Amino acid sequence: MLVLMIAAPLVGALLLTFTGRRLGERLTGVIACLSVAVAAGCAFAAFFLKLLPTAPDAEGVRRVTERLGIWFSVGNFSADFGLVLDPLSGVMALFITGVGLLIHIFAVGYMHGDNGYARFFAALNLFVAAMLTLVLADNLPLMFVGWEGVGVCSYLLIGHYFTRDEAADAARKAFVYNRIGDAGIVLATMLLFTQAGSVNFAAISRWAAQQPVETLGWAAVGAGGLTTVGLLLLLGATGKSAQIPLFVWLPDAMAGPTPVSALIHAATMVTAGVYLLVRLNVVFLHAPTALAIVAVVGAVTALLAATIALGQDDIKKVLAYSTVSQLGLMVMACGAGAFTAGLFHVTTHAFFKALLFLGAGSVIHALHEEQNLRRMGGLKKFMPVTYWTMTAGWLAIAGFPPLSGFFSKDALLFETFTSTALPGGLAKALWAVGLLTSFLTAFYMTRLMTLTFHGEPREAVAHGQPHESPLVMTAPLVALALLSVFGGALGLPEAFGMHPWMREFLTPLVVAPAELAHETASHTLELILMGVSSVVALSGIAAGWLFFRRRPLWEAPRALQAKYWVDEAYEAAIVRPLALTARRGLWRGLDVSIVDGLVGGVGRSLSGLGATLREMQSGYARGYVVMMFIAALLILGYFVLGPRIGV
């Protein structure tokens, strides 16, 4: 069943690739959606009918495995075609296929009339297959196949409108930045194999659990132990999950069709980095330096992206920086040892971020590709379904109680505050950063909703004829809105007297000191921090509502609009010097002067020799007599003078 889960969208992708142009839109949409529906059916059946009834193994973990054989074996190194459905991959598979199916259905209406309709759905199917390979693989090399697969699919989908320079550049940028992170995964895999003797996830976790906790300090960074492995894994996660310093590709990825943005940001690619951190949580728990660096990287990314989101006017760019910010919170939670809370926020984020992107797609569809918030306004009465469903997503991401985002965000903030995995007051400082990020999130998301749906209709609305989207687009919005509202039931807090289902389900596969501290922490403290989170979220919404209702066209500071000139800094510090080195040093200095000189010199020498020989074959008898005479003199000279000079 695990194989079928991957095979279904893969077959769909192959069918659409080779026959899509002849099928027509209707049949193409049916095949694309049906293949993901089969994968979703397999995921739910495997989860509820096979995984949940399975008794835990000797390590206390429920596992359903399928082994297809040995992939390759060299010396002591071997990797299997092995798939595993355990609590972690099970949760991931459910929302990848479930949310992915809703995005496919929405795309059937959104992409209507597109010239590359079949090509788009072929890549979308392949994206789901690659992501399922990534999460179901039971070893690092097979996971890397899925890891690279989602990278290739993102390149294809971001560059779907490849005749536009913006889309082609964005696709290339995403590809290059992800390759930088991929180097970290490859090096971490090799380092883990040399130390653990295996690349299987279960074997690595067992080995890491037996290792002593490394000393906190910079010396551990380059020591080649678990800290080094953890930092290399973090490099991989920063590429896929768009963290500092590799976050700049994700906002540019908005050049692709909006359903692609929803799939990348909610259900697939960007969650891969967080998944990797959670999957190898035991490695990080024995490397406190790596853990602290992960937490700081996540917190700084969350705050930086939240401030940039405030200065953007493109509706998709606001959501893109919002994704970077929310991913930062998840990574921060993992760094605090709150891996379960991080995964809980990954899950709820899949619901409301997919909803917000598809809602934005509905707005863009109604306004004929207009994406500038300053040209919108007053859309509430024209698009009631889109408005009310997006309202659910807006309140969920803002942390409005008791929606899903409130519970997941509160869980990660509380467990960061009470973390025993971080030194000194760092945990409290990161909690404060998370709280400030939450306020900014509520503030800029309120700006997005106010400028889009409220106030007087501005240029794009007044001059156009906005209309509600068709049922094939609004039905997924309604389903995602319900999940955004009620999805928090997966992790209701113990302070409410509720059963911590998700935490217990993931234990002992995911073990974290923050959760252990959670058990001993006072429920009173949890309720107090929950109250603080609620006040912060409500304050952000109220401040945004009051401010932007009066000043909808407020100009953000130049630094926020320019995204702190990070792209420009990379261009000046890395891209231009490399391009200059390549052009003047490698191309002109090495390729043209040396390589071309050598190759050209040999060619010219052979050409000259050929010309000389050609002259000797002139056909004139006198020429041959002269050559025979010269040859005779040479032979005679050899026999007469050779012995004297020792030749």
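A residue is called buried when its relative accessible area is under 20%, exposed when that area is over 50%, and partly exposed in between. The exercises below apply this to a predicted model.

**Exercise 1. Describe the overall build of the protein chain: how many helices and strands does the chain have, and what share of its residues is buried?**

Solution. Begin with the secondary structure, which comes to 25 helices and two strands. Next take the extent of the chain, whose C-alpha trace spans about 115 × 65 × 50 Å along its principal axes. Then turn to burial: of the 647 residues in the protein chain, 56% are buried. The accessible surface comes to about 26200 Å², and carbon and sulfur atoms account for 68% of that surface. Finally, consider the contacts with a separation of 6 or more, of which 80% are between residues 24 or more positions apart.

**Exercise 2. Work out how the salt bridge between Arg179 and Asp182 is placed: which helix holds the pair, and is each residue buried, partly exposed or exposed?**

Solution. First comes the distance, since the side chains of Arg179 and Asp182 form a salt bridge with N and O 2.6 Å apart. Second, both residues belong to helix α5 (residues 165–196), and because they are three residues apart there, about one helical turn separates them. Third, compare each accessibility with the cut-offs: Arg179 has 23% relative accessibility and therefore counts as partly exposed, while Asp182 has 5% and therefore counts as buried.

**Exercise 3. Find which parts of the chain are tied together by the salt bridge between Asp313 and Arg447.**

Solution. Start with the pair itself, in which the closest N and O atoms of Asp313 and Arg447 are 2.8 Å apart. Asp313 lies in the loop between α12 (288–310) and α13 (315–335), whereas Arg447 lies in helix α17 (residues 426–453), so the salt bridge ties together parts that are 134 residues apart in sequence. As for accessibility, Asp313 is partly exposed at 21%, and Arg447 is buried at 2%.

**Exercise 4. State which strands are joined by the salt bridge between Arg67 and Asp80, and then place this pair among the charges of the chain.**

Solution. The side chains of Arg67 and Asp80 meet with an N to O distance of 3.2 Å. Arg67 belongs to strand β1 (residues 64–74) and Asp80 to strand β2 (residues 77–85), so this salt bridge ties together parts that are 13 residues apart in sequence. With a relative accessibility of 55%, Arg67 is exposed. For the wider setting, the count of salt bridges comes to 17, and a network of them links Asp57, Glu59, Arg63 and Arg206. The chain has 40 positive and 36 negative charges, and the mean positions of the two sets are 7 Å apart.

**Exercise 5. Describe the surroundings of Thr97: where does this residue lie, and which residues is it in contact with?**

Solution. Thr97 is part of helix α2 (residues 87–110), and its relative accessibility of 0% makes it buried. A polar atom of the Thr97 side chain lies 2.8 Å from the backbone oxygen of Ala93. Once neighbours within four places in sequence are left aside, the contacts of Thr97 are Val36, Ala39, Ala40, Ala43, Phe44 and Leu132.

**Exercise 6. Determine how many residues of helix α10 are buried.**

Solution. Helix α10 covers residues 271–279, and nine of its nine residues are buried. Among them are Thr271, Tyr275 and Arg279.

Key:
Residues are numbered from 1 along each chain as its sequence is written. This is a predicted model: local features need pLDDT of at least 70, side-chain atom pairs count only at pLDDT 80 or more; totals for chains, interfaces and linings use all residues. Side-chain values use heavy atoms; hydrogens and water are left out. Helices (H or I, at least four residues) and strands (E, at least two) are DSSP runs, numbered from the N terminus. Buried means under 20% relative accessible area, exposed over 50%, partly exposed in between (1.4 Å probe, protein chains only). Contact means heavy atoms within 4.5 Å. Accessible areas come from the Shrake-Rupley method with a 1.4 Å probe; for residues, only the protein chains shown count as cover. Lys and Arg count as positive and Asp and Glu as negative; His and the chain ends are not counted. The place of a charge is taken as NZ of Lys, CZ of Arg, CG of Asp or CD of Glu. A salt bridge is a side-chain nitrogen of Lys or Arg within 4 Å of a carboxyl oxygen of Asp or Glu. A polar contact is a pair of N or O atoms within 3.5 Å; within protein, one must be able to donate a hydrogen and the other to accept it, and residues adjacent in sequence count only if both atoms are side-chain atoms.
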